[in-house]
Amino acid sequence: MIELEPNLKIRKNIILIGFMGSGKTSVGEKLARARHYRFLDTDQILEEEFGCSIREYFEKKGEEEFRRQETNLMRWLSLSLRGSVLSTGGGLPLREENRSLLRETGVVIYLKASEETTIARLRGDTTRPLLAGEDLSEKVHRLLNERRPIYERAAHYTLETDKKSFYEIIKEIQTVVVF
């Protein structure tokens with residue numbers, strides 16, 4: 001069980017972070033249903049706001065502008081989110097400010113998948129702008145090595161997801177997040 005600050009107990013938010021393909025959205029939707037919480041996905045919110053896909057936004061405005069928009073969204077969510085499961089984009093925790101905002105907004109769970117599992121899940125996925133143009137295995141290897149320590153610092157709890165069903169992952173989250 002995670003020792004929670006009083007503010008997090010009152011807000012009752014669970015935030016899922018991790019690399020692309022780690023299962024944040026799929027687990028998040030099922031976890032929200034199990035807890036009778038609202039489900040939100042930062043990428044889906046931003047796509048609605050932009051009126052285009054994340055990939056198209058990257059092409060038009062670039063990664064730095066996209067990251068700025070993620071931070072603006074997290075500032076707003078940190079003030080308003082209650083009783084929700086939030087799935088974040090894989091790069092959202094990269095900014096120090098975002099990591100602080102995440103930890104203030106809810107209990108942060110890092111869904112950690114192995115490199116092999118990640119590659120298998122992402123093979124053939126053309127929707128992710130950061131994976132375009134390079135060998136998938138090399139890109140995933142490099143990005144995972146850069147991001148793992150960042151995810152671990154941002155998280156209250158790290159959950160290994162390899163070879164676990166959605167049910168097992170949700171059960172583990174329910175066991176460690178009690179409010």
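These legends accompany close-up views of a predicted model.

**View 1. Phe-50 and Tyr-57 make a stacked aromatic pair.** Let's start with the aromatic rings: a search of the whole structure turns up five aromatic pairs. In the pair shown here, the ring centres of Phe-50 and Tyr-57 are 3.6 Å apart, with 10 degrees between the planes. Both Phe-50 and Tyr-57 are buried.

**View 2. Phe-50 also meets Phe-66, this time edge-to-face.** The centres of these two rings lie 6.3 Å from each other, and the planes make an angle of 65 degrees. This pair links distant parts of the chain, as Phe-50 belongs to helix α3 (residues 42-50) and Phe-66 to helix α5 (residues 63-80), 16 residues apart. Phe-50 has a relative accessible area of 17% and counts as buried; Phe-66, at 2%, is buried too. Step back a little and you can follow one aromatic cluster formed by Phe-50, Tyr-57, Phe-58 and Phe-66.

**View 3. Lys-30 lies over the face of Phe-166.** Here a lysine joins an aromatic ring, at 4.5 Å from the ring centre.

**View 4. Helix α7 has a buried face and an exposed one.** Within α7 (residues 115-122), the buried residues are Glu-115, Thr-118, Ile-119 and Leu-122. Looking down the helix axis, you will find the buried residues within an arc of 95 degrees, so they line one face of α7. A helical turn helps in reading this view: an α-helix has 3.6 residues a turn, so residues three or four places apart point the same way. The buried residues of α7 pack against α8 (136-154). On the face turned away from the buried side, look for the exposed residues Glu-116 and Ala-120.

**View 5. Five strands form an open sheet with parallel pairing.** Reading across the sheet, the order is β2-β3-β1-β4-β5. At the edges stand β2 (38-41) and β5 (157-160); each has a single partner strand, so one side of each is left without a neighbour in the sheet. From one strand to the next, the twist averages 20 degrees.

**View 6. Strands β1 and β3 pair in the parallel sense.** Three bridges connect β1 (residues 14-17) with β3 (residues 84-87). To get your bearings, find Ile-14, which stands opposite Val-85 in β3.

**View 7. Helix α8 packs on the sheet.** The strands that α8 touches are β1, β4 (107-112) and β5. Compare the directions of α8 and β4, which make about 150 degrees with each other. This helix also appears in View 4, where the buried residues of α7 pack against α8.

Methods
Residues are numbered from 1 along each chain as its sequence is written. This is a predicted model: local features need pLDDT of at least 70, side-chain atom pairs count only at pLDDT 80 or more; totals for chains, interfaces and linings use all residues. Side-chain values use heavy atoms; hydrogens and water are left out. Rings of Phe, Tyr and Trp (its six-membered ring) pair if their centres lie within 6.5 Å; planes under 30 degrees apart count as stacked, over 60 as edge-to-face and the rest as tilted. Buried means under 20% relative accessible area, exposed over 50%, partly exposed in between (1.4 Å probe, protein chains only). Helices (H or I, at least four residues) and strands (E, at least two) are DSSP runs, numbered from the N terminus. A charge sits over a ring if NZ of Lys or CZ of Arg is within 6 Å of the ring centre and within 35 degrees of the ring normal. The arc is that of the directions from the helix axis to the C-beta atoms. Contact means heavy atoms within 4.5 Å. Two strands pair if DSSP finds at least two bridges between them. Axes are lines fitted to C-alpha atoms, for helices over the stretch in contact, and angles run from 0 to 180 degrees between N-to-C directions.
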